[in-house]
Amino acid sequence: MDARIAFSDSNDIDISGGSSSVCCTGQKNNESPNLPANSPADANALGRLSETLESMFLTEASSPPEFDFFADAKLVAAAGNREIPVHRCILSARSPFFRSIFSAGKKETNAKVELREWMKDYNVSFDVIVIVLGYLYSGRVKAWPRDVCVCVDDECSHDACMPVVKFMVEVLYASFIFQVSELVAKFQRHLLDILDKASADDILIVLAVANMCGKACERLFDRCIQIIVKSDVDVVTLDKALPHNIVQKIMDARLGLCLQGPVSIGFPDKHVKRIHRALDSDDVELVRMLLKEGHTTLDDAYALHYAVAYCDAKTTSELLDLALSNVNHRNPRGYTVLHVAAMRKEPKIIVSLLTKGARPSDLTSDGRKALQISKRLTRYADYKKPAEEGKDSPKDRLCIEILEQAERRDPLPGEASVSLAMAGDELRMKLLYLENRVALAKLLFPMEAKVAMDIAQVDSTSEFPLAAINKVLVDAQRTTVDLNESPFKMKEEHLNRMRALSRTVELGKRFFPRCSEVLNKIMDADDLSEIAYMGNDTPEERQLKKQRYMELQEILSKAFSEDKLEFDKVRRLF
């Protein structure tokens, strides 16, 4: 076949996952004299060629390519640092980008190309790299991986939510980097078709990438500008998402159309900027000093909204501790601070706001609660990942679980007492119990434990010694009272530690009930100390304790498998 014959994916992609067809346009002097151009025979031949080339490529991320031994180069995806075996001759024939790469310094066998060197401005997932490379091999766009193109919200139509917008933008950017002009044009059309349905915040992402692609995405860039100019997106959000020259262009257009509204939509005043800069520096003390000048308040500067959106969890917590702002205050776009936190998707910040009285039932101007915002921003692929013992839970799912739990319960009623089945009334045993319970939570549910401990500020207190579960409980069971031993004295540092640990347990019970239930069954087992201490037990007693120990293990295993079963049920719905 003439090397000048090019694959061209002429049909639009079905967003539900259907593949597009392949057509070919060749030079007339190379056509067969016995067959008309674009005949069925040509189409069949090209279809077989496409399938053959496609079979040489990695189509499933979890399995090796069938013809890996033919590959003479590897691409290293920035996302996850995963390697993709490829064939230099095919990629060089299909892409000027790869022709340049492999003809300049990448001629050795099994050469590795680090894609992060060229994809510096925007993160592209492994799934997207596979989609674009698959197109270069076969001339067809493979069916989209559905679990990365749909969100968790069952009420969403999934035609313009964040996962599908982000997926399209990533394909557009990767196609631009690989210089696949026909794929750039195709996904530019797809994005233009859904812009009117997408949220303004998602359009900012599209605009940023369209700007990176330059003239190749000029139509997309202009349309995004038109939408953002007429939107209610404030200048602070624009500054964080876009280059300064683009922001200035938007603000000039608003001014020309007389769309300059409140100070939050236009440029904030100098005092508000100083407060925001102090927050960027994590300097809450400077914020306190600026407030004393009396030019504005935290609510007037939307400082809490700003901190939740752009600062770390510690700065947000310190700002909340000032108790100078309304945690349910709305910005001009109608978002409460909790709505902004749901967009940020940081569990610690969400829990901090809820413990300070943020209302999960509050609606945005378009009728969304924080929970729905979080769901629409979360890919199903990220939500369905099951919790693994000793590993962090996915943040996206954790945020959803926290907000779901917050909607089910009343606000946290201050410092609640902890049910201590084995501690009785002795303060020392209560403290040991709390140490052991939190230590066990850190081992089994590290992400959940860290969120609760950070909010309760456990790290600012000193750990009480002898917190090994078996040793403490066994010693408590076996040790007789020594009348000559000095009684334990509860000091202020012990009380502070107990308050922080108690707060941690209470937060865990409120926001992570599944984890707390597991800990309850283990920690509050009446026979836990007896299980740990064998002593001079008879063989029958040892067998009974061993059986009880196996039951506790089964409780733990069941807790970890419940999520997987639930996710499997949900997955079958798609």
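**Largest cavity, three-stranded sheet and a repeat span**

The largest cavity has a volume of about 160 Å³. The structure is a predicted model, in which local features need pLDDT of at least 70, side-chain atom pairs count only at pLDDT 80 or more, and totals for chains, interfaces and linings use all residues. Residues are numbered from 1 along each chain as its sequence is written, and side-chain values use heavy atoms, with hydrogens and water left out.

Me: How many cavities of 30 Å³ or more are there?
Reply: A cavity is a set of points, on a 1 Å grid over the protein atoms alone, where a 1.4 Å probe fits but cannot get out. Points are joined across faces, edges and corners, and a volume is the space filled by probe spheres set on the points. By this rule the count is 2.

Me: Which helices each supply at least two residues of the lining of the largest cavity?
Reply: Lining residues have an atom within 4 Å of a point. Of the 14 that line the largest cavity, the closest to its centre are Ala 441, Thr 504, Gly 508, Ser 516 and Leu 519. Helices are DSSP runs (H or I, at least four residues), as are strands (E, at least two), numbered from the N terminus. Those supplying at least two lining residues each are α20 (427-444), α21 (446-456), α23 (492-511) and α24 (513-523).

Me: How many residues of this lining are nonpolar, polar and charged?
Reply: Ala, Val, Leu, Ile, Met, Phe, Trp, Tyr, Cys and Pro count as nonpolar, Asp, Glu, Lys and Arg as charged, and the others, Gly among them, as polar. The lining divides into 9 nonpolar, 3 polar and 2 charged.

Me: In what order do the 3 strands of the open sheet stand?
Reply: Two strands pair if DSSP finds at least two bridges between them. Strand β3 (residues 73-76) is joined to β5 by 4 bridges and runs parallel to it, Ala 73 having Ala 111 as its partner. Another 4 bridges join β3 to β4, which run antiparallel, with Val 76 opposite Glu 83. The pairing is thus mixed, and the order is β4-β3-β5.

Me: At about what angle does helix α4 run to β4?
Reply: Axes are lines fitted to C-alpha atoms, for helices over the stretch in contact (heavy atoms within 4.5 Å), and angles run from 0 to 180 degrees between N-to-C directions. Helix α4 (residues 126-138) lies across β3 and β4, and its angle to β4 is about 5°.

How values were computed
1 Å grid on protein atoms, 1.4 Å probe; cavity = no way out; pocket = protein on both sides within 12 Å on 5 of 7 lines; lining within 4 Å.
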